[in-house]
Amino acid sequence: MNNNELVLEGKKYVMNTYGRLPMALVKGEGSWVWDADGKKYLDFVGGLAVNSLGHCHPKVAEAISQQSKKLLHCSNLYWIEPQIELAKILVEQSGLDKVFFCNSGAEANESAIKLARKYAKTKWGDEKYEIITMKQSFHGRTLATLTATGQDKFHKGFAPLPQGFKYVPFNDIEAFKDAITPNTCAVLLEPVQGEGGVYEAEYEYLRKVKQVCEDNDMLLIFDEVQCGLGRTGKWFAYEHYGVMPHILSLAKALAGGVAIGAMLAQEEVASGFQPGDHASTFGGNPLACAAGVAAMTAIEKENILDNVNKVSSYFKEQLMVLQEEFKMIEDIRGKGLIIGVELGQDAGNIVDYCKDQGLLINCIGGKILRFLPPLNTTTNQVDICINILKQALSKEV
Ligand SMILES: Cc1ncc(COP(=O)(O)O)c(C=O)c1O
């Protein structure tokens, strides 16, 4: 079927929850994808930070193939070899102690919220349940995680929402302190906000947040679903700040393109969960975890973090050259290869033009272009992106 036929069939059978472009992607290799009409694109959307190793990384594909012939699924009533292997890698890289596996970012945050409440209630009393989150944050679409998300537009139409969440402006330490009550058990935040518009936590802010948590018997939860696992040029974004969370959520890139989520915690906090407190049928299944082991090993073996740092500097330099020429570029921000370019005008036409020229990028909040290329992208591919972007911006002047 071609693009048109797939769009028509899709509209007929698939629920209408996404504002989709009128095309279907059917094949991918490295940084490139092809649509159903055979058109080729440079993919700087990257599955919204999932395809960190590009499409169909050979080591990930091989691991999936091998595991699919060995054991596709078994219950968490039994120990699962690839799950243990992946947990070990995550613990060794993160400095946290224990891992719970699930299937998505929302589930990872849902687990984090449950663990924080369970631990806090047991340790500090039943009234410790409230969680502070940031305005403009994004934590997922389950009822608890959309409530944790500090953007009204995601709440509309879903009341009554779960209780016990409070929102404060990001990077405002006084507002954070003022929001704390004897009921507060945790703060949940993204060190680099993704969906909210690519905003980084300030260095001093995160350090103070941790201190405030320690002074007030509160847990620090980082949502690194989008910014974790090499995206910012370090394994975890919190390493840029020298601030360890008590709980960490991960997903997206963890299994090189296969659905997975993980929630990590320090030993003592992790002990808040006992058998029966939380579970997931597919969480930590052999297939996803084998893919995860292959993906994490590839990040290490292929020096992906060095590449992120090198390509990120080059990318930002080239964007700054564009900024000199096009005054509509108001800001360039982000860490590593999560980059936001804020325009003084609507960015929709630019995204469309780039797509027609064979470059996939996306736009958030109407005016912010977001670039999430594979972490193994090259400076040559950045040049291709910059050239197309330049043409797109020229059309807007
Ligand atoms: C920071 C962050 N947290 C949570 C989520 C939700 O992840 P998922 O869509 O896998 O449930 C996302 C998704 O974009 C995200 O960016």
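**Entry 1: terms and ground rules**

I count two strands as paired if DSSP finds at least two bridges between them. Helices (H or I, at least four residues) and strands (E, at least two) are DSSP runs, numbered from the N terminus. The model is predicted: local features need pLDDT of at least 70, side-chain atom pairs count only at pLDDT 80 or more, and totals for chains, interfaces and linings use all residues. Residues are numbered from 1 along each chain as its sequence is written.

**Entry 2: the sheet of four strands**

I began with strand 1 and strand 2 (residues 32-35). They run antiparallel, joined by four bridges. Leu-25 stands opposite Asp-35 in strand 2. Both strands belong to an open sheet of four strands, in the order 1-2-3-15, with mixed pairing. Why is one side of strand 1 and of strand 15 left without a neighbour in the sheet? Strand 1 (25-29) and strand 15 (359-360) stand at the edges and have a single partner strand each, so one side of each stays free of a neighbour in the sheet. I noted a general point too: strands of a sheet pair through backbone hydrogen bonds, either parallel or antiparallel.

**Entry 3: the sheet of seven strands**

Next I looked up an open sheet of seven strands. Its order is 4-12-11-10-7-5-6, and the pairing is mixed. Strand 4 (98-102) and strand 6 (165-168) are the edge strands, each pairing on one side only. On average, neighbouring strands of this sheet are turned by 20° against each other, direction ignored. For angles, axes are lines fitted to C-alpha atoms, for helices over the stretch in contact, and the values run from 0 to 180 degrees between N-to-C directions.

I then checked what packs on the sheet. Contact between two residues means that their C-beta atoms, placed from the backbone, lie within 7 Å. Helix 5 (residues 105-124) packs on the sheet and touches several strands, among them strand 4, strand 11 and strand 12. The direction of helix 5 makes about 25° with that of strand 12. Helix 8 (residues 203-215) packs on the sheet as well, touching strand 7 and strand 10. Its direction makes about 145° with that of strand 10.

**Entry 4: strand 10 and its partners**

Is strand 10 enclosed or open? Five of its five residues are buried, so strand 10 is largely enclosed by the rest of the structure. (Buried means 20 or more other C-beta atoms within 10 Å of the residue's own, exposed means 12 or fewer, and partly exposed is in between; C-beta atoms are placed from the backbone.) Leu-219, Ile-221 and Asp-223 point one way, and Leu-220 and Phe-222 the other way.

Strand 7 runs parallel to strand 10, with four bridges. Leu-188 has Ile-221 as its bridge partner in strand 10. Strand 10 and strand 11 are also parallel, joined by three bridges. Here Ile-221 has Ile-247 as its bridge partner in strand 11. Strand 11 (residues 247-250) pairs with strand 12 (residues 261-265) in the antiparallel sense, over four bridges. Leu-250 has Ala-262 as its bridge partner in strand 12.

**Entry 5: the ligand**

Which residues are closest to the ligand? They are Ser-104, Gly-105, Ala-106, Val-225 and Gln-226, out of 15 that surround the ligand. A residue is near a molecule or strand if its C-beta atom, placed from the backbone, lies within 6 Å of it. Helix 5 gives the most to this shell, with three residues.

**Entry 6: domains**

Last, I looked up the domains. Domain bounds come from an automatic or database domain assignment. That assignment gives domain 1 (58-301) and domain 2 (303-373). Their contact takes 16 residues from domain 1 and 17 residues from domain 2.
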